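Thank you for asking me to read through this structure with you. My remarks are set out as numbered points, and it may help to keep the 3D view open while going through them.

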Amino acid sequence: MMQIVLQLFDMSGVVRHLSLSRSTLSSMVSVVSMHYHNIPYHNFNHAAHVVHGAFMLLQTPVAKLVLSMEEHAAVLVAALCHDLDHDGHSNSYHMHMQSELARLYNDISVMENHHCAMTFEVLRRPDCALFAHLGADAQRRVRKVIIQTIQCTDMTHHFRMTQDFCSHSLEFDPSSESDRLLLAKAILHGADIGNAARPVAVNDIMSTRVHREFELLAEEEERLGIPVTFSIESENKLMCAQMEVNFLDYIVMPLWEKLHEVLCVPVAMRNLRANREKYAALQEQLVDDQPGDELAEG
């Protein structure tokens with residue numbers, strides 16, 4: 001996975017254009033990988049998937065036209081680090097437990113603020129200081145994009161950000177900082193929730209991991225007597241299929257349909273529709289296979 005991430009950075013053009021040190025980049029990716037934990041979903045594998053998703057969106061002609069190479073690099077770093085040091089717990093969990101992180105960030109985007117802070121802790125290391133050779137103004141611009149895009153991955157911001165993005169015209173002005181930031185946020189958030197933009201077999205694996213992580217979290221929350229973030233039974237195929245259809249219909253598709261209108265990503269849209277059809281068909285089949293009331297009573 002580390003080699004894939006390094007290749008994506010290289011293929012994006014940011015290494016050459018910004019004269020990034022390959023040894024520093026390699027060290028940074030290695031250190032980042034060590035700060036992801038062995039949990040079912042929010043691990044380094046997910047981070048690499050999001051880097052790839054962001055890379056694919058950034059390679060579109062519109063993204064290349066609108067976003068600077070500094071912003072391309074910032075989005076890729078944000079994609080790599082957007083769940084850095086994730087512990088498998090939700091913001092709700094941390095707030096109800098009044099964890100050290102919740103107290104530190106005053107219950108506001110607890111994990112996302114932590115991911116940002118960890119990102120810059122890594123980038124401060126001499127062997128990981130990827131942007132140290134850039135001027136102070138450039139470093140501030142990169143930092144701003146990293147922070148704002150990572151914070152946008154907090155799902156509490158999803159509907160507001162999606163509304164802002166969907167209400168924007170199809171034209172994004174390269175001279176407008178607000179336009180560039182909105183597009184950068186949409187690209188990273190879309191990549192983060194975009195497992196279904198991949199082939200069905202890949203999405204199946206990632207969905208199973210999401211379900212299992214939420215199930216483990218729910219079990220812990222129930223033991224602790226705090227509100228359950230999301231109730232899911234990973235062995236209940238009907239419940240999982242229903243969750244996937246609802247997630248695609250109400251969360252993923254509105255954002256990705258607009259991304260397609262702006263950036264033109266037909267392969268991703270075909271995959272999204274194929275995954276939606278697969279889960280809808282599975283849901284229908286499982287409902288049909290359930291015993292009727294008479295049989296159940298007997």
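1. Which residues have the most contacts inside the largest nonpolar core? This is a predicted model, and in it the largest nonpolar core has 80 residues, with Met28, Ile146, Phe165, Ile187 and Trp256 as those that have the most contacts inside it. Helix H14, which runs through residues 237-263, gives the most to this core, with 10 residues. Apart from this core lies another one, of 5 residues, and among them are Leu101, Ala102, Tyr105 and Val110. As background, in soluble globular proteins nonpolar side chains tend to be buried together.

2. Phe165 is a good residue to select if you want to see how the large core is knit together, since it is listed among those with the most contacts there. Leaving aside its neighbours within four places in sequence, Phe165 is in contact with Phe172, Leu182, Leu183, Ala186, Leu255, Lys258, Leu259 and Val262.

3. Helix H10 covers residues 136-151, and its 16 residues reach 22 Å from the first C-alpha to the last, close to the 22 Å expected at 1.5 Å a residue. The residues buried in H10 are Ala138, Val142, Val145, Ile146, Thr149 and Ile150. Seen down the axis of H10, these buried residues fall within an arc of 120 degrees, so they line one face of the helix. The spacing can be understood from helix geometry: an α-helix has 3.6 residues a turn, so residues three or four places apart point the same way. What covers the buried residues of H10 includes helix H6 (69-81), helix H9 (110-124) and H12.

4. Helix H12 invites the same check of length, and because its 16 residues should span 22 Å at 1.5 Å a residue, the 22 Å between its end C-alpha atoms agrees with what is expected. H12 is mostly covered, as 13 of its 16 residues are buried.

5. His42 is covered by the UniProt annotation "active site", which comes from an unreviewed entry. The residue is placed in the loop between helix H3 (22-34) and helix H4 (44-58). Is His42 buried or exposed? His42 has a relative accessibility of 17%, and because buried means under 20%, it counts as buried. Setting aside neighbours within four places in sequence, His42 is in contact with Tyr36, Asp83, His86 and Glu213, and a polar contact of 2.5 Å joins the side chains of His42 and Glu213.

6. Asp83, one of the contacts of His42, is listed by UniProt under "binding site", again in an unreviewed entry. Asp83 is found in the loop between H6 and helix H7 (91-97), and at 6% relative accessibility it counts as buried. Beyond its neighbours within four places in sequence, Asp83 is in contact with Tyr36, His42, His46, His115 and Asp192. With His46 there is also a polar contact of 3.2 Å, which joins the side chains of the two residues.

7. The loop between helix H11 (158-167) and helix H12 (177-192) holds Ser176, and Asp173 lies in the loop between H11 and H12 as well. Ser176 counts as buried at 17% relative accessibility, whereas Asp173 is partly exposed, with a relative accessible area of 35%. A polar atom of the Ser176 side chain lies 3.1 Å from the backbone nitrogen of Asp179. Asp173, leaving aside its neighbours within four places in sequence, is in contact with Asp179 and Arg180, and its side chain is joined to that of Ser175 by a polar contact of 2.8 Å. For a sense of distance across the model, the C-alpha atoms of Asp173 and Ser21 are separated by 31 Å, with these positions 152 residues apart along the chain.

8. Met239 lies in helix H14, and with a relative accessible area of 24% it is partly exposed. Leaving aside its neighbours within four places in sequence, Met239 is in contact with Ser231, Ile232 and Glu233. The C-alpha atoms of Met239 and Gln283, which are 44 residues apart along the chain, are separated by 8.3 Å.

Methods:
Residues are numbered from 1 along each chain as its sequence is written. This is a predicted model: local features need pLDDT of at least 70, side-chain atom pairs count only at pLDDT 80 or more; totals for chains, interfaces and linings use all residues. Side-chain values use heavy atoms; hydrogens and water are left out. UniProt positions are given in the numbering used here, feature names are shortened, and annotations may be inferred rather than shown by experiment. Helices (H or I, at least four residues) and strands (E, at least two) are DSSP runs, numbered from the N terminus. Buried means under 20% relative accessible area, exposed over 50%, partly exposed in between (1.4 Å probe, protein chains only). Contact means heavy atoms within 4.5 Å. A polar contact is a pair of N or O atoms within 3.5 Å; within protein, one must be able to donate a hydrogen and the other to accept it, and residues adjacent in sequence count only if both atoms are side-chain atoms. The expected span of a helix is 1.5 Å times one less than its number of residues. The arc is that of the directions from the helix axis to the C-beta atoms. A nonpolar core is a set of buried Ala, Val, Leu, Ile, Met, Phe, Trp, Tyr and Cys residues joined through side-chain atoms within 4.5 Å.
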